[in-house]
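Hi,

Here is the structure I said I'd pass on. Have a look, and my notes follow below.

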Amino acid sequence: MSELTTKYLRAEKARGTSCRGCGLRPAHHKVLEAIDRSGLTLADIVWGTGIGCSGRQTYATWKGDTFAGTHGRVYAMATGLRLALPPEKKIILTVGDGDAYTIGLQHLLNCARRNVGVTVVVLDNLGYQSTGGQYSITTPEGSVTDSSPRGTWEQNWAGQGLDVLNIVKEAGATFIARHTVLEGDAPVSSIAQALQNPGFSLVQIVYPCVSHFGVQTLGTRSVPEVYKWFESYPLSTGILWNSIGSRPEFSEAFRQQNNNIKNRKQDV
Amino acid sequence: MKRIFETGNAAICEGAILAGCRLFAGYPITPATEIAENMSRRLPEEDGFYLQAEDEIAALHICNGASLGGLKAMTATSGPGYILFADAFGWALSSEIPVVIVNSQRVGPVSGITGAPGQGEFYLSRYLAHGGNYETIVLAPASVQEAFLLTVRAFYLAERFRTPVTILADQMVTDGWETLLLPETAEDIEEMDLIFYDRQVHPGPDFYPPTDDIDIPPVVLGHNTGGACSDWTPTLKGHDTEDIELHHQHAWRLIHKILNHRELIDDAEEWEVDDAEIILVAYGTPSRVVKSAVSEGRLQGLRIGGIRLISLWPFQDKLFQRKASYLVVELNWDGQLVREVERAARANSVHFWGRCGELPTVKELLLTTQQILEGKTISREAWKTVRWSHV
Amino acid sequence: MSERIEFLCSGFGGQGVIRTGQIAGQAAVEAGLHTSMLISHGTETRGGYVRSQVIISDDPIASPVVEHPNYFLALSQAAWDRFGGLCQPFSCVLHNPEKVAIPENADVQKFAIQAEQEAARRFGDPLFANTLWVGIFSALLGPLITEAHFEKVIRMRTTRNIEENVAAFYHGRALFESRWRSYKP
């Protein structure tokens, strides 16, 4: 076990649930690296997860306080939780592409609009993989999956044409980054920046699913072959939007607002 | 004691705030909108939070998140919003996190009629979460004063049982205006028998033990207890599992923590039941017409009694063991409570009087009572009440 | 008093049906009585009538339904047509005969005043008619709820033209005195 694993993860859950050769575990560990680099301890973070590969991999791995929400709703839960927690506590949410961009988009966008102090890490495996490999909003165009036997034909939001992160930006997120799991330190650095944002941050980390996407779409379960394809998969990566500090964080603004109401009442 | 003329909506808000509710998230919907409006005015005065959620799905999830962080929280809605609570209700139920839900029932199905009373969610309030394997607590106020009292009690029970508690009201309770007494001093609180339960913090890191015990604090995050909770079947540590034995333990806890302490929940009012040949049964506003019908019927020499359910779930079978006919009065046409009464009353004959949008009158109920006592089939214009008309 | 008093008020949306019920109900609370008021909206507001059903009693109130109104303020023809059938010989029906026609043979006690015209003439706006009706209703009720209770509540529940409303209330009482002084319930 690595030092980070011992430091941050529950021993009995540390191995995770991801398949052999999957990028999910390395992506998960990039979050841990960013936490470590930021000098944060178990007591500083409450960790929430959604459902799917990302949820199963990350739920209750965190040795500190942790929860899992219903599919797509964890952003709404985090909005309530944020108001209950002291401002210095950080909330990290590890979720999948389906959770964030389809079933939970409404709640994700409203969380961004309010600039709720959370760091959403979208662990994007290019489709619905925990249910056996169906296409999602981030599946590459034309992909053969279990639910697109003749190839996907609907417009996606994968970033080659329409990009869901533009919607998240317009909704009011104050920090947005996208990386692939192959980018080494860059995702770690972005997550660390996100953790410094008092408001709403989203960092998407893309990795290809070997077991389903590899087999159904690429016709191979060979990890090197899947990653060879992935290296040339066109994605705009890096920090896509940074307006940290441009708007007040939700819970702080809320408390300020309540104070103003009380002061006004006293004046009267 | 403060004595005012107020709506059930306002009474619910005052009850919630007195019980320590500091977060309300909701989405406006007739006839529960005034609860949101009142909370938006009142909560900031108490350092609390009022949020207008993007939808009812978010509303209850926001409440769940807040409760998970240690705040007492409430939401309120009516039928079309209530159905959207299903997801979050199941989460709170299975994760065993306290929260209070108000449903002011209107006329359905679906959007139906907005500003008239119905009672179409009797079973939905019991089975709002999918998957079964649980019991749940549902309370039904019949007046403005009781809306206040039961809201206080709902928060109390939610904390002790670590579970969502539903207040199943109707449009007439929430929109109706009535004399409302509000406590102003500690003596007033004692006189009203109000009891409160502060939020406790589960020590963690293990999850709730596999017992039927209540008063085990719920998981509260942010105290670095290593607490873990989710909607998945939990291990003893609260981790997700597919182990069916652990699931049995979880389901047993969810069911028996409620059933084995139901003396804290069960509540009903009975009128003149001891020698009654026929007992009228209702909850919510219609039960008040039943009460008047019992008084009036007794004056006319009928051996009539009445039962008003104050707690609906878990269902109080024991109330229906008398040898008598039962006439169940509901604000719906399909008969919901009557099915449960028929199950509980077993060999006795059970009849149904239903309508929605408008309360029954005393006259109508006594006419139906007469018909039953004379062995006639209950019949109403244009309706053949086949299913529930047998004597 | 061991009997209950049932007051029904019905009319179009915007005529002050709910407010009139609120004033009656709250005045009863001020007088130390029990009171309940059911209000209906939704389809009913769209269907041409709004209704408030007020029960006043010195005992806790069981049924909140007006089955046989002691007092029925009918502010529209639709209101009378819909609820007139609930009335009994003892029912006092308050109406403006110009707007709400009640059949000659209806076995009820009629209290007819051209309230809108009277309000417009005295106070410059027919909208004061319903406060005028509250005055007549309060006089009919007798000493159970005092005029001071009503006045307090009118001041509490009125945001604009408070003095005119109070004056309209007392004018209603005066009209009752001048026309029906000898009425005995």
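**What I found**

Just after H1(B) comes B:Gly20, which has a positive phi near 100°. (Helices are DSSP runs of H or I with at least four residues, strands are runs of E with at least two, and both are numbered from the N terminus.) Before you read on: this is a predicted model, where local features need pLDDT of at least 70, side-chain atom pairs count only at pLDDT 80 or more, and totals for chains, interfaces and linings use all residues. Residues are numbered from 1 along each chain as its sequence is written, with chains lettered from A and ligands numbered from 1 in the order in which they are written.

Back to H1(B), residues 8–18: 10 of its 11 residues are buried, among them B:Ile12 and B:Glu14. Buried here is 20 or more other C-beta atoms within 10 Å of the residue's own, with C-beta atoms placed from the backbone.

Chains A and B meet through 32 residues of A and 38 of B, where contact needs C-beta atoms, placed from the backbone, within 7 Å. On the A side, S2 (65–68), H4 (74–84), H6 (105–114) and H11 (250–267) each supply at least two residues. H4(A) gives the most, with eight residues.

S2(A) also pairs with S10(B), residues 228–229, in the parallel sense over two bridges; pairing takes at least two DSSP bridges. There, A:Phe67 stands opposite B:Cys229.

In chain C, C:Ala115, C:Glu116, C:Glu118 and C:Ala119 of H4(C) meet C:Ala129, C:Leu132 and C:Trp133 of H5(C).

Cheers

Note on methods: Contact = placed C-beta atoms within 7 Å. Buried ≥ 20, exposed ≤ 12 C-beta atoms within 10 Å, placed from the backbone.
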